[in-house]
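Visitor: Please pick one sheet and take me through it strand by strand. Then set it beside other parts of the chain.

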Amino acid sequence: MLRPTIAFSLVIALLLAACGGGGPSPSIPGPTARIATPSPSASPARSPTDPGATTLPSPSGLGTTGEPPMLALEQVADGLDGPLDVAFRPGDPSALFVVEQVGRVRVVRDGALVPDAFLDVRGAVTAGGEQGLLGLAFHPDATDGRLFVYYTARDESQVVASFRTDPANPDRVVRDSEVEVLRMPDEYGNHNGGSMVFGPDGYLYIGTGDGGGGGDPLGSGRRLDTLLAKVLRLDVNIAVDDDPPYVIPSDNPFVGVDGARPEIWHTGLRNPWRMQFDPATGDLWIGDVGQGAWEEIDRAPAGVGGLDFGWNTMEGTRCFGADSCDQAGLTLPVTEYGHDEGCSVTGGTVYRGSAQPALWGWYVFADYCSGRFWVVDAGVDELQEPVAVLESGRNISSIAPGPDGELYATDLAGSVHRVVVAGG
């Protein structure tokens, strides 16, 4: 049962997601793209199987063993204002950074909530429903000092920006250090994406929604001239004052394709709310919020770009709005569930920690509306039926790994929890 909290506004937005209006927006203009191979100054790419990325136990192979365990939640912090995401800063394992929808990033250090905000951009953010401060990613090089955020601006466009940590105070950022990386005009208030993560290659991956309305009225999922409904891949390992503040990796799949945005890595997504890399394999797992019937989890094999996940031809493994459709060239989900079990998927990650060995190798995800947690075997390639492992009764808005591979989940009602094996 949903709790009567500030989460109610997001629930209403999700239920009204199919009620869009207005006509298609023009193609999103972008800066003149700079195509480059990784520079010598770029952070060294980490091998997908490098245990330095997180703590990896060494069972036989990379598959799971036995049946999945039932899960439970242990509270880490509460008193937060609409927590939507969590992140850890390289070299600072004692601090958990929590994204608040209203436009703040808070720090939980050694189990205690730091009173002052790490970052406060409330004056620049439109918050409510599916808008707000939506995502956070720290640069993987601990000496870089930058963090990247994704937020809905006052003009309701979607902005990706970077800030620098205050060298005199690691629990604050330099407020006037903001550098706008991307600005994406947006016609509707829903389907804004917001997930960001650095990949094993050192590049920044950004999940963008289709721009809202119902059924993709902008046609974003089928178009390559827009940054919407995509996973983008940018090289931000450049000088802070460079313009634009990123270059396009030369192996991005649409570099040199006439009419296509070269920032695109994958397309055909409706609202990739949360995505994470498997630190053991380098595969990218994406939770894509469905329209009116099906929620899906997609997986992109390590290093493979240019996949089309099918929206709005497909919703999950079904044709959308038609009895039949052309599925040629589409990449279908690895798992899905219907709206009898939830209404908005919260993508998670593959567990590769050491404290919960029975969970090792299972991909953990949840539903925002029902609070149900499921797992699927990360070592299986074909479509799987998800296995329910927890009825949390919470509004789960993100599931993310810590530096040791342990999993943390946010409840939009105001708390952060560690995901653990029940009775463990």
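Guide: One cut-off comes first: a residue counts as buried when its relative accessible area is under 20%, as exposed when that area is over 50%, and as partly exposed in between. The model is predicted.

Now the part itself. Take strand 25, which covers residues 372-377. Of its 6 residues, 6 are buried, so by the cut-off each has a relative accessible area under 20%. In a regular strand, side chains alternate between the two faces of the sheet. Strand 25 sends Arg372, Trp374 and Val376 one way. Phe373, Val375 and Asp377 point the other way. The two sets are buried alike, Arg372 and Asp377 included.

Which strands make up the sheet around it? The order is 23-24-25-26. The sheet is open, has 4 strands and pairs in the antiparallel sense. Strand 23 (345-350) and strand 26 (387-391) form its edges. Each of these two has a single partner strand, so one side of each lacks a neighbour in the sheet. From one strand to the next, the twist averages 25 degrees.

Pairing in any sheet runs through backbone hydrogen bonds, either parallel or antiparallel. Now go across this one. Strand 23 meets strand 24 (residues 362-367) over 4 bridges, and the two run antiparallel. In that pair, Thr349 faces Val364 of strand 24. Val364 also stands opposite Val375 in strand 25. Between strand 24 and strand 25 there are 5 bridges, again antiparallel. These two strands form a hairpin with 4 residues between them. Gly371 sits in the turn and has a positive phi of about 75 degrees. On the far side, 4 antiparallel bridges join strand 25 to strand 26. There, Trp374 has Ala388 as its bridge partner.

Is the edge strand 23 buried or exposed? In strand 23, 6 of the 6 residues are buried, so the rest of the structure largely encloses it. Its open side within the sheet comes from having a single partner strand.

A second sheet can be set beside this one. It is also open, with 4 strands in the order 8-9-10-11 and antiparallel pairing. Strand 8 (133-138) and strand 11 (173-184) are the edge strands, and each pairs on one side only. Neighbouring strands here are turned by 25 degrees against each other on average, direction ignored. Strand 8 pairs with strand 9 (residues 146-152) over 5 antiparallel bridges. Within that pair, Ala137 stands opposite Phe148.

Next, the charged pairs. How many salt bridges are there? The count comes to 22. One joins Asp92 and Arg89, with N to O at 2.7 Å. Both of these residues are buried. Another joins Arg233 and Asp201, whose closest N and O atoms are 3.0 Å apart. Arg233 belongs to strand 14 (residues 230-234), while Asp201 sits in the loop between strand 12 (195-198) and strand 13 (204-207), so this pair ties together parts 32 residues apart in sequence. The partners differ in cover: Arg233 is buried at 4% relative accessible area, whereas Asp201 is partly exposed at 22%.

Arg223 and Asp225 make a further salt bridge, with the closest N and O atoms 2.9 Å apart. Here the cut-off matters. Arg223 has a relative accessible area of 19% and is buried. Asp225 has 25% and is partly exposed. There is also a network: shared partners link Arg89, Asp92, Arg109 and Asp171 through salt bridges.

Last, a look at empty space. A probe the size of a water molecule, rolled over the atoms, shows where such space is left. The second largest pocket holds about 150 Å³. Its lining has 14 residues, and Phe88, Pro93, Ser94, Leu96 and Tyr408 lie nearest its centre. By class, the lining comprises 8 nonpolar, 3 polar and 3 charged residues.

Definitions and conventions:
Residues are numbered from 1 along each chain as its sequence is written. This is a predicted model: local features need pLDDT of at least 70, side-chain atom pairs count only at pLDDT 80 or more; totals for chains, interfaces and linings use all residues. Side-chain values use heavy atoms; hydrogens and water are left out. Two strands pair if DSSP finds at least two bridges between them. Axes are lines fitted to C-alpha atoms, for helices over the stretch in contact, and angles run from 0 to 180 degrees between N-to-C directions. A salt bridge is a side-chain nitrogen of Lys or Arg within 4 Å of a carboxyl oxygen of Asp or Glu. Buried means under 20% relative accessible area, exposed over 50%, partly exposed in between (1.4 Å probe, protein chains only). On a 1 Å grid over the protein atoms alone, a cavity is a set of points where a 1.4 Å probe fits but cannot get out, and a pocket is an open set with protein on both sides within 12 Å along at least five of seven lines; lining residues have an atom within 4 Å of a point. Grid points are joined across faces, edges and corners, and a volume is the space filled by probe spheres set on the points. Ala, Val, Leu, Ile, Met, Phe, Trp, Tyr, Cys and Pro count as nonpolar, Asp, Glu, Lys and Arg as charged, and the others, Gly among them, as polar.
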